[in-house]
Amino acid sequence: MTPKILVFAGSIRTGAYSGQTADAAMKELAQQGAEVTRISLVDYPLPIMDEDLEREKGIPENVYRLGRLIAAHDAVLIASPEYNASIPPLLKNTIDWVSRLSKDNGKPLRPWAGKPIALCSSSDGNFAGIRGLYHLRAVLMNCKADIITPQCSVARAQDAFDTDGSFRDERTQGMMEAVCRGLIERAKLTSTRVGA
């Protein structure tokens with residue numbers, strides 16, 4: 001079985017370090033034999049999560065689009081920046097909206113439940129965004145996701161990438177290889193992909 005893995009960053013800023021980290025993860029996953037889908041959350045704009053809005057207008061179509069995409073993959077890798085030692089609002093809002101799904105055209109749809117997820121972070125400082133991953137891990141665990149233990153945190157990200165997008169530091173590259181290997185192994189063991 002070739003695992004299908006969805007990769008996205010928690011930022012849509014041009015040149016975001018999390019986007020570069022997601023690109024590096026995509027390349028490493030592909031090298032290790034996964035079929036990778038790389039998306040940007042800019043293509044799935046959402047309003048701020050609001051139960052009044054949901055009651056009045058229903059769950060936005062972009063939530064269903066994302067939910068179906070997550071469900072159609074064996075695993076997910078998220079590369080997140082850190083905002084004030086926590087989760088960026090774009091990513092938190094996306095996770096919260098997707099967690100509202102329970103059915104799609106009468107069929108069960110709980111995209112996060114049991115889904116293997118790998119977490120990466122990046123920042124321009126020495127903490128490498130790791131503080132935000134504690135919060136992100138907790139949120140996804142509450143959504144019943146299956147978060148793997150290995151993670152990759154990219155410190156001093158402004159100097160971490162070569163011109164071809166690869167990591168300059170062998171230690172960081174080793175962390176990324178371990179994360180991707182762990183996610184692929186978990187995906188093969190626990191696939192809940194719709195149509196798998």
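Select Asn-84 to start: this residue is exposed, with a relative accessible area of 78%. The model is a predicted one. Asn-84 sits in the loop between strand 3 and helix 4 (89–99). Check its backbone as well: phi is positive, about 50°, although Asn-84 is not a glycine. Most residues other than glycine have a negative phi.

Next, go to Arg-156, another residue with a positive phi, here about 45°, and again not a glycine. Where along the chain does Arg-156 lie? It is in the loop between strand 7 (146–154) and helix 6 (170–190). Its side of the exposure scale is intermediate: Arg-156 is partly exposed, with a relative accessible area of 44%. The cut-offs place a residue in that class because buried stands for under 20% and exposed for over 50%.

From that loop, move on into helix 6 and select Arg-186. Arg-186 is partly exposed too, at a relative accessible area of 25%. Which residues does Arg-186 contact, once neighbours within four places in sequence are set aside? They are Pro-116, Asp-146, Ile-147 and Ile-148. Draw a C-alpha to C-alpha distance from Arg-186 to Asp-146: the two are 9.1 Å apart in space and 40 residues apart in sequence. Asp-146 falls within the range of strand 7 (146–154).

Now return to strand 3 (residues 75–80) and select Ser-80. Is this residue buried or exposed? Ser-80 is buried, with a relative accessible area of 3%. Show the residues around it, leaving out those up to four places away in sequence. Ser-80 touches Gly-10 and Ser-18, then Pro-88 and Leu-91. Further along the chain, its contacts are Cys-120, Ser-121, Ser-122, Leu-133 and Leu-136. Leu-91, one of these contacts, falls within the range of helix 4 (89–99).

Then select strand 1 (residues 4–9), which is mostly covered, with five of its six residues buried. Add strand 2 (residues 35–38) to the selection: strands 1 and 2 pair in the parallel sense, over four bridges. To find the register, pick Ile-5, which stands opposite Val-36 in strand 2. While the side chains are on display, recall that in a regular strand they alternate between the two faces of the sheet.

Finally, clear the selection and colour the whole chain by secondary structure. How many helices and strands are there? The protein chain has six helices and seven strands. Followed from the N terminus, the elements run β-α-β-α-α-β-α-β-β-β-α-β-α. The radius of gyration is 16 Å, close to the 16 Å given by the globule rule for 196 residues, so the chain is as compact as a globular protein of that length. Along the principal axes, the C-alpha atoms fill a box of roughly 50 × 40 × 25 Å.

Keep the full chain in view for the remaining values. Of the 196 residues, 47% count as buried. Among contacts with a separation of 6 or more, 77% are between residues 24 or more positions apart. Switch to a surface display: the accessible surface comes to about 9,700 Å², and carbon and sulfur atoms account for 49% of that surface. Last, colour by charge. The chain carries 24 positive and 23 negative charges, and their mean positions are 5 Å apart.

How values were computed:
Residues are numbered from 1 along each chain as its sequence is written. This is a predicted model: local features need pLDDT of at least 70, side-chain atom pairs count only at pLDDT 80 or more; totals for chains, interfaces and linings use all residues. Side-chain values use heavy atoms; hydrogens and water are left out. Helices (H or I, at least four residues) and strands (E, at least two) are DSSP runs, numbered from the N terminus. The radius of gyration is taken over C-alpha atoms; the globule rule is 2.2 Å times the number of residues to the power 0.38. Buried means under 20% relative accessible area, exposed over 50%, partly exposed in between (1.4 Å probe, protein chains only). Contact means heavy atoms within 4.5 Å. Accessible areas come from the Shrake-Rupley method with a 1.4 Å probe; for residues, only the protein chains shown count as cover. Lys and Arg count as positive and Asp and Glu as negative; His and the chain ends are not counted. The place of a charge is taken as NZ of Lys, CZ of Arg, CG of Asp or CD of Glu. Two strands pair if DSSP finds at least two bridges between them.
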